[in-house]
Amino acid sequence: MQTLDDTDRAILRLLRANGRMSNADLAEAVGLSASACLRRVRLLEHRGTIRGYTALIEEAAPRDLVVVIVQITLDRQTDDHLKRFEEAVRRCPEVRECYLMTGIADYLLRVEARDAADYERIHKEALSRMPGVARIQSSFAIRTVIRGTA
């Protein structure tokens, strides 16, 4: 992986905050010409530093969803077990984020449900049936403090 200089880091910081920023505005903000800035962005994309662009969609009013942080521990941590779990978790639409972790739990998930009863259904019908799951620990979020990519 190539090292990033201060200009690259500034470009990434600005694009993280506003991925739709025009190249002209981005160039001005980082002190480059438009063509030099575009070359930098294209190089960051080509190297895989910038993997893509996305839109954050508000699927429901925040008060209408319950966010549950779920720690999953597998019965075995072999490559095959990890792969089978990850394939299953990708098929669960209520799981919005999934991270392979160090420490006590193997995975940390952010799950969105309509209410506690809906989470009980997700727990019973999806999470507990995923391959290799030995333990599930769930914590309900009280309120969102920071959310987004910035």
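Which residue in strand 3 is the bridge partner of Gln71? It is Leu108, and I'll use that pair as our way into the sheet. Hello everyone, and a quick word on ground rules: this is a predicted model, in which local features need pLDDT of at least 70 and side-chain atom pairs count only at pLDDT 80 or more, while totals for chains, interfaces and linings use all residues. Residues are numbered from 1 along each chain as its sequence is written, and side-chain values use heavy atoms, with hydrogens and water left out.

Let's begin with the sheet. It is an open one, built from 4 strands in the order 2-3-1-4, with antiparallel pairing. Helices (H or I, at least four residues) and strands (E, at least two) are DSSP runs, numbered from the N terminus, and two strands pair if DSSP finds at least two bridges between them. At the edges sit strand 2 (95-100) and strand 4 (133-140), each pairing on one side only. From one strand to the next, the twist averages 20°.

Now look at strand 1 (residues 66-74) and strand 3 (residues 107-113), which run antiparallel and are joined by 7 bridges. Besides the Gln71 pair, Val67 stands opposite Glu112 in strand 3. On to strand 2, which is also antiparallel to strand 3, with 5 bridges joining them; here Leu100 stands opposite Tyr107. These two strands form a hairpin with 6 residues between them, and Gly103 in the turn has a positive phi of about 100°.

Strand 3 is largely enclosed by the rest of the structure, because 6 of its 7 residues are buried. Buried here means under 20% relative accessible area, exposed means over 50%, and partly exposed is in between, using a 1.4 Å probe and protein chains only. Helix 4 (residues 79-90) lies across strands 1, 2, 3 and 4, running at about 15° to strand 3.

One residue to click on is Ile72, in strand 1. Ile72 counts as buried, at 0% relative accessibility. Leaving aside neighbours within four places in sequence, its contacts (heavy atoms within 4.5 Å) include Phe85, Tyr107, Leu109, Val133 and Ile136. Ile72 and Ser138 are 66 residues apart in sequence, yet their C-alpha atoms are 8.8 Å apart in space.

Next, the helices at the start of the chain. Helix 1 (residues 6-17) and helix 2 (residues 23-30) pack at about 135°, with axes 10 Å apart. That angle makes helix 1 oblique to helix 2. For the cut-offs, angles under 35 degrees count as roughly parallel, over 145 as roughly antiparallel, 65 to 115 as roughly perpendicular and the rest as oblique. Axes are lines fitted to C-alpha atoms, for helices over the stretch in contact, and angles run from 0 to 180 degrees between N-to-C directions.

Who makes the contact? Helix 1 brings Thr7, Ala10, Ile11, Leu14 and Leu15, and helix 2 brings Leu26, Ala29 and Val30. Those residues divide into 7 nonpolar, 1 polar and no charged.

Last stop: is Asp8 buried or exposed? Asp8 lies in helix 1, and at 7% relative accessibility it counts as buried. Not counting residues up to four places away in sequence, Asp8 touches Thr3, Arg40, Leu44 and Arg47. Thanks for listening, everyone!

Conventions. Ala, Val, Leu, Ile, Met, Phe, Trp, Tyr, Cys and Pro count as nonpolar, Asp, Glu, Lys and Arg as charged, and the others, Gly among them, as polar.
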